[in-house]
Amino acid sequence: MAWADRAAPIVADVIRKVGRADQQALRQALIAAYPWGARKNAPYKAWLEEVQRQLGHPLNAPKHDPDNTQADFFKQA
């Protein structure tokens, strides 16, 4: 079993218990839930990749400003 396969249910459980509303609390819970001792090498890299896979990366989230109506000009009714 790969490290990511072991990490997936742990990360999912933490996200389910803590929720996504408070990102700081979620990050702290994920840090506390890391199960494999020293944070280095393959297990830690797999853990970080699994967290990123399940949470998504905030820099890749679409940006939308509801006050900017300039794009509404191009929408067809």
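This passage describes the helices of a predicted model, the contacts between them and a group of aromatic rings.

The protein chain contains three helices and zero strands. Read along the sequence, these elements give the pattern α-α-α. Helix 1 spans residues 3–18, helix 2 spans residues 23–33, and helix 3 spans residues 41–55. Of the 77 residues in the protein chain, 19% are buried. Among the contacts with a separation of 6 or more, 55% are between residues 24 or more positions apart.

Two helix pairs are described here, beginning with helix 1 and helix 2. Two packed helices are described by the angle between their axes and the distance between the axes. For helix 1 and helix 2 the angle is about 145° and the axes are 10 Å apart. The crossing of helix 1 and helix 2 is right-handed. On the helix 1 side, the contact involves Ile10, Val11, Val14, Ile15 and Val18, and on the helix 2 side it involves Ala25, Leu26, Ala29, Leu30 and Ala33. By residue class, this contact consists of ten nonpolar residues, with no polar and no charged ones.

Helix 2 also packs against helix 3, at an angle of about 145° and with the axes 12 Å apart. This crossing, too, is right-handed. Helix 2 contributes Leu26, Arg27, Leu30 and Ala33, which meet Trp47, Val51 and Leu55 of helix 3. The residues of this contact comprise six nonpolar, no polar and one charged.

Leu30 and Ala33 illustrate how helix 2 meets both of its partners. Leu30 is located in helix 2. Its relative accessible area is 3%, which is under the 20% limit, so Leu30 counts as buried. When neighbours within four places in sequence are left aside, Leu30 is in contact with Val11, Val14, Trp47, Val51 and Leu55. Val11 and Val14 belong to the helix 1 side of the packing with helix 2, while Trp47, Val51 and Leu55 belong to helix 3. The C-alpha atoms of Leu30 and Ile10 lie 8.8 Å apart in space, although the two residues are 20 residues apart in sequence.

Ala33 is also placed in helix 2. Not counting residues up to four places away in sequence, Ala33 touches Ile10, Val14 and Trp47. Ile10 and Val14 are in helix 1, and Trp47 is in helix 3. Between the C-alpha atoms of Ala33 and Val11 the separation is 7.9 Å, with their positions 22 residues apart along the chain.

The whole structure holds five aromatic pairs. One of them joins Tyr34 and Tyr44 in an edge-to-face arrangement, with 5.4 Å from centre to centre and 90° between the planes. Tyr34 lies in the loop between helix 2 and helix 3 and Tyr44 lies in helix 3, so this pair ties together parts that are ten residues apart in sequence. The two rings belong to residues of unlike accessibility: Tyr34 is buried, at 8% relative accessibility, whereas Tyr44 is partly exposed, at 25%.

Another edge-to-face pair is formed by Trp36 and Trp47, with 6.2 Å from centre to centre and 85° between the planes. Here Trp36 is in the loop between helix 2 and helix 3 and Trp47 is in helix 3, and the two are eleven residues apart. Trp36 is partly exposed, with a relative accessibility of 21%. Trp47 is buried, at 3% relative accessible area. Trp47 therefore combines a buried position with a place in the aromatic pair and with contacts to Leu30 and Ala33.

Ring pairs link Trp3, Tyr34, Trp36, Tyr44 and Trp47 into a cluster. At Trp3, a charged side chain is also present: Arg6 lies over the face of the Trp3 ring, at 4.7 Å from the ring centre.

A further feature concerns the backbone at Asn41. This residue is placed in helix 3, and its phi is near 65°, a positive value in a residue other than glycine. With a relative accessibility of 59%, which is over the 50% limit, Asn41 counts as exposed.

Technical notes:
Residues numbered from 1 in each chain as written. Predicted model: local features only at pLDDT ≥ 70, side-chain atom pairs only at ≥ 80, totals over all residues. Heavy atoms only, no water. Helix = DSSP H or I, 4+ residues; strand = E, 2+ residues; numbered from the N terminus. Buried < 20%, exposed > 50% of the residue type's maximum accessible area, 1.4 Å probe, protein only. Contact = heavy atoms within 4.5 Å. Axes fitted to C-alpha atoms, helices over the stretch in contact; angles between N-to-C directions. Left-handed = near helix turned anticlockwise from the far one by under 90°. Nonpolar A, V, L, I, M, F, W, Y, C, P; charged D, E, K, R; others polar. Phe/Tyr/Trp six-rings, centres within 6.5 Å; stacked < 30°, edge-to-face > 60°. Lys NZ or Arg CZ within 6 Å of the ring centre and 35° of its normal.
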